[in-house]
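Colleague: I'd like a close look at one part of this model, namely the cross-links made by side chains. Could you walk me through the disulfides and salt bridges, and then set them beside the nonpolar cores?

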Amino acid sequence: MLTGAAVLLGVTAVPAQAAEVAYATKCVPPSGIGLPDVNGTTKVEINAPATAKVGDTVDVVWKFTQAASKNPDIIDLPANSVQPSGTLKAAGAQSADIAMQGTRQNPAIPKGGAMTLSDMKGTLKLTAAGQVTLTPDAYVVNALSTDTRCAPTEAVQPAATITVTAGSGSSGSGSSSPSTSPTPSTRPSASGTGDSGATDFTGKVVDIPYTCQSPIGVKKATSPIQINARKNNGSYGLTVQFKKSVMDSPIAIPAGKVKPILQVVLGGADKGSVRVEGPLNAEPIPQNSPIRIPDLKGVYKPGATGESTLSPGVLTVEAMGTTTTCTPDSTAVSLTLDTAQQASGASGGSGSSSSGGSTSTSTSGGLAETGSGDHGALKALGLVAGTAILLGGAVFTFMPRRRTD
């Protein structure tokens, strides 16, 4: 839908310099909407401190002064519907990719109008004395939850230089990637409930990369998912949780219009899958408000005796008359259970597993079973064709938004 606009960079604690750089850019609009690639010129201004010391963490700001293209003649973009992100390259005394992020703030942009993008900001920890140059690189323009990807088509000149002197800071990698927490055990923890026969099992959180097919095209996303179980008379009540809250909705969505369904893939001793699903959204979702995936529930009736594994599988999201199907690029075991075979259980791959009244089909041959691991959440996309017609809660992508329940 949208093409254009330049990459990143931002303000530091001491914004002592500002320089503009212009470069040829190719922007690739979202697949499935029939728009050609756009070749244009990006102009950005980089604000960064002229001097700093080793150990300092500096702020950088990327200001767009000219986007690489205009808003195509498809739809008027409403206010606060466009968000840029990208990468700034640090080189010289140290090398690093600086993640830049803008806010979803823009005036209304008419069809054919010039793109107006917010400033992008990022930080860099300085690790070595000398000259550090800052050069714009690839960036993404997200509009109504569709991504237009832009990249330089020529060598880009540095837009700012920081003179770094020796200081008290320790040397390091210079990249601003967050630290990761230790990976929990793949085995569930269990809390017994006396002689009631029910036992709670807690799975680990696993990151699952998805490729999502919607009515308007293909989208890739990653989400952290946890599968928990409660044993009751040989069967297990399953609860699947998405650990990041979902998307900001590009439009207002009425109550009762969004429903997520997930296939939990069985492995180890057992075969097949278990359908778990969430309720329809109980409340209307205002435009630009988060859409959260509720807990998904179902019942697993083992079809084999032994050590059985449970992994997130295919996710479908039904929204406003459309269906988006997300297939894992790889999956990982969240929960392992010591199961005892039950009559009409899930074993064999051709049977189905009970899920609270719904029947799930086998996923034999359909999903990879290799691992992955951490963060993500779903985000609905409304698309337009000519006028502003929402195709559905169409494409869902994952955003780093914390669960607030």
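Modeller: Here is a walk through the disulfides, then the salt bridges, then the cores. Keep in mind that this is a predicted model, so everything below is computed from its atoms.

Let's start with sulfur. The count comes to two disulfides. One of them joins Cys 27 and Cys 150, with the sulfur atoms 2.2 Å apart. In sequence, these two cysteines are 123 residues apart, Cys 27 sitting in strand S1 and Cys 150 in strand S9 (residues 146-152). The torsion about their S-S bond is about 115°, so this disulfide is right-handed. Cys 27 and Cys 150 are both buried.

The other disulfide is Cys 212 with Cys 326, and here the sulfurs are 2.0 Å apart. It too links distant parts of the chain: Cys 212 belongs to strand S12 and Cys 326 to strand S20 (residues 322-328), 114 residues apart. The link of Cys 212 and Cys 326 is right-handed, with 110° about the S-S bond. Both Cys 212 and Cys 326 are buried. If you number the bonded cysteines in sequence order, the pairing reads 1-2, 3-4.

Now for the charged pairs. Searching the whole structure turns up nine salt bridges, and I'll pick out a few. Take Arg 230 and Asp 200, whose closest N and O atoms are 2.5 Å apart. Arg 230 is in strand S13 (residues 217-232) and Asp 200 in strand S12 (residues 199-214), so this salt bridge ties together parts that are 30 residues apart in sequence. Arg 230 has a relative accessible area of 44%, which makes Arg 230 partly exposed.

Another one is Lys 259 with Glu 277, at 3.3 Å from N to O. Lys 259 lies in strand S16 (residues 258-268) and Glu 277 in strand S17 (residues 273-277), and the two are 18 residues apart. Their accessibilities fall in separate classes because the cut-off for buried is under 20%: Lys 259, at 17% relative accessibility, counts as buried, while Glu 277, at 23%, counts as partly exposed. The pair doesn't stand alone, either: Lys 259, Arg 275 and Glu 277 are linked in a network of salt bridges.

Then there's Asp 147 with Arg 149, where the closest N and O atoms are 3.7 Å apart. Asp 147 counts as buried, at 17% relative accessibility.

Finally, the cores. In soluble globular proteins, nonpolar side chains tend to be buried together. The largest nonpolar core in this model has 41 residues, and the members that touch the most others are Trp 62, Leu 124 and Leu 134. Strands that give two or more residues to this core include S1 (17-28), S2 (38-48), S4 (57-66), S7 (120-125) and S10 (160-165). The largest share comes from S8, with five residues. There is also a second, separate core of 32 residues, with Val 206, Ile 208, Leu 315 and Ala 319 among its members.

To tie the threads together by strand: S1 is one of the contributors to the largest core, and Cys 27 of the disulfide with Cys 150 is in S1 as well. Strand S12 turns up on both lists of cross-links, with Cys 212 for a disulfide and Asp 200 for a salt bridge to Arg 230.

Note on methods:
Residues are numbered from 1 along each chain as its sequence is written. This is a predicted model: local features need pLDDT of at least 70, side-chain atom pairs count only at pLDDT 80 or more; totals for chains, interfaces and linings use all residues. Side-chain values use heavy atoms; hydrogens and water are left out. A nonpolar core is a set of buried Ala, Val, Leu, Ile, Met, Phe, Trp, Tyr and Cys residues joined through side-chain atoms within 4.5 Å. Buried means under 20% relative accessible area, exposed over 50%, partly exposed in between (1.4 Å probe, protein chains only). Helices (H or I, at least four residues) and strands (E, at least two) are DSSP runs, numbered from the N terminus. A salt bridge is a side-chain nitrogen of Lys or Arg within 4 Å of a carboxyl oxygen of Asp or Glu. A disulfide is a pair of cysteine sulfur atoms within 2.5 Å.
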